[in-house]
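User: Please take a close look at one helix and what it packs against. Then set that part in the context of the whole chain.

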Amino acid sequence: MIPVILSGGSGSRLWPLSRQAYPKQFLPLLNEDSMFQQTLARLPQEDVEAPVVVANDEHRFLVKEQLDAIGQKPQSILLEPFGRNTAPAVALAAIQIARKDPASIMLVLPADHAISQTKPFHEAIAKGLKVAKDGALVLFGTTPDRPETGYGYISAAGREDDPSGPRPVRKFIEKPDEATARRLLDEGGYFWNSGMFMFRADAYLRELKRHSRDIYDTALLASRSLSEDMGFSRIPPEIFEHCPDDSIDYAVMEKTTRATLVPLDAGWSDVGAWSSIWDISEKDEQQNAVYGDACLADSSGCLIHAPEKLVAMVGVDDLVVVDTKDALMIAPRDRVQEVKGVVQKLKAEGRPETRIHREVFRPWGSYDSIDNGNRFQVKRITVKPGERLSLQKHHHRAEHWIIVRGTAEVSRDDETFLLSENESTYIPIGSVHRLFNPGKIPLELIEVQSGAYLGEDDIERLDDRYGRTEPAQDIPQSTQDTEEEEEIPVMETRVG
């Protein structure tokens, strides 16, 4: 069995903590590991091969760093130039897998879901595996416990002999209104669509070809032109842009006669809103869930996520408060789905808070913009041991560097020298420079920028170990088979 981890996402539903450049799957929302890392950690330990990860090109270094942190070496990391939903993403993974072994079982998992009970999750996987080997397209459905309007519903034939066993899917129901959701809950026999799937690679591709030929053909064409770069497999944008944007559900599962549901009762949540975080969090006697430092008086049913400062609340109920270094969001708990609209409004205004945090993570470390004003900006920069920034120059700003921890090797035009704690240097406008941490501990420094333009796109990279040859763009400028039929081309061996 090969896990296929889908790690896309726009970072809007859990704003302001989740951003476009740092979506929720990479955040340690519930414990010290990110949801992406937890998705991999909860996999069965036996008969599971290395994963295939499908991610956005913008997040490639986050993916690599988080995989390294938990000692996971993937089979491949497929980089999408932009999102085209789950059907094309899974198709490209299936093509890669089918070239090695068409009968390989794929376990498709979103990287941003929470599952609190590992044992029943493994039991459901084992039951799905038995029917997937015979060509079934398995989806995992969870039993509703409330009239949720944010999930799709599935009707599946019951099995008195095995209430938790696989059963044929009867129909799919789109996200219902509240009255319909209550009716479905009262009738019983319906399941929430978890968005997790299991099937043979060739079975998925055959059904995709039959029901969504455009996606199949475009994915096949793109797979022949993958480019390898620093351990990543890049999907060609000039081909991928023509691929229809569609989910597995619409493109395949709602059309195939092979859809099979396996019940999953494992404390599943798609963590699709801040209210979901409250649902699965530990709470005090007043049903408050706190991440960070909070003082609550006569308040109940609240969620507070504020790691940077003390939050005091008096006489309020059912509120969500999320505080970050550059944004504060407050909303009634039953209206947090509307945060997505706030993000759209901020995007329309060109606000960078929808895209990046004040603290921005790079493959070499991070920087935190701690102050700015007219013609100046102050950053706190951290460089990981053994890492170096690109060889670069700026056309509009000069920089002053003050070392506060560790040792820095500075290259400035024709000279190279070391700086230790409490030492500083000056980088004039137009000077070719580079920063390297030769030590064993993180290098920390304060950078003071001054000049007419201080945007992150004023970086001309002359040499970069991470393959970033274009100026940075952190600031926005104003996605079994017994039938006889044609052999699936992806079973042929090709060099992409």
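Analyst:
**Helix H7 and its surroundings**

The buried residues of H7 pack against four helices: H3 (86–100), H6 (201–211), H8 (237–240) and H9 (248–253). This is a predicted model. Helix H7 itself covers residues 213–223, and its buried residues are Ile 215, Tyr 216, Thr 218, Ala 219, Leu 220, Ala 222 and Ser 223. An α-helix has 3.6 residues a turn, so residues three or four places apart point the same way. Within H7, the buried list includes Ile 215, Thr 218, Ala 219 and Ala 222.

The rest of the chain gives the setting. The protein has eleven helices and 28 strands. Buried residues account for 52% of its 496 residues. A compact globule with 496 residues would have a radius of gyration near 23 Å, and the value of 25 Å for the protein agrees with that. Along the principal axes, the C-alpha atoms fill a box of roughly 75 × 65 × 40 Å.

In soluble globular proteins, nonpolar side chains tend to be buried together. Here the largest nonpolar core holds 83 residues, and the members that touch the most others are Leu 29, Phe 36, Phe 140, Met 198, Trp 274 and Leu 435. A second, separate core has 48 residues, including Ala 93, Ala 94, Ile 95 and Phe 197. Leu 29 shows how distant parts of the sequence meet: beyond its neighbours within four places in sequence, Leu 29 is in contact with Leu 14, Leu 17, Lys 24, Met 35, Val 271, Trp 274, Ile 277 and Tyr 291.

Empty space is found elsewhere in the model. The largest cavity has a volume of about 210 Å³. Its lining is made up of 21 residues, and those nearest the centre are Trp 364, Leu 389, Gln 392, Glu 456 and Ile 459. Strands S20 (376–383), S22 (397–405), S26 (433–436) and S27 (443–451) each give two or more residues to this lining. By class, the lining has seven nonpolar, five polar and nine charged residues.

One loop residue can be added. Gly 430 sits between strand S25 (424–427) and S26. Gly 430 counts as partly exposed because its relative accessibility is 38%. Outside its neighbours within four places in sequence, Gly 430 is in contact with Lys 393 and His 394. Gly 430 also lies 8.0 Å from Ala 398, C-alpha to C-alpha, although the two are 32 residues apart in sequence.

How values were computed: Residues numbered from 1 in each chain as written. Predicted model: local features only at pLDDT ≥ 70, side-chain atom pairs only at ≥ 80, totals over all residues. Heavy atoms only, no water. Core = buried A, V, L, I, M, F, W, Y, C linked by side-chain atoms within 4.5 Å. Buried < 20%, exposed > 50% of the residue type's maximum accessible area, 1.4 Å probe, protein only. Contact = heavy atoms within 4.5 Å. 1 Å grid on protein atoms, 1.4 Å probe; cavity = no way out; pocket = protein on both sides within 12 Å on 5 of 7 lines; lining within 4 Å. Points joined across faces, edges and corners; volume = space filled by probe spheres on them. Nonpolar A, V, L, I, M, F, W, Y, C, P; charged D, E, K, R; others polar. Rg over C-alpha atoms; globule rule 2.2 N^0.38 Å.
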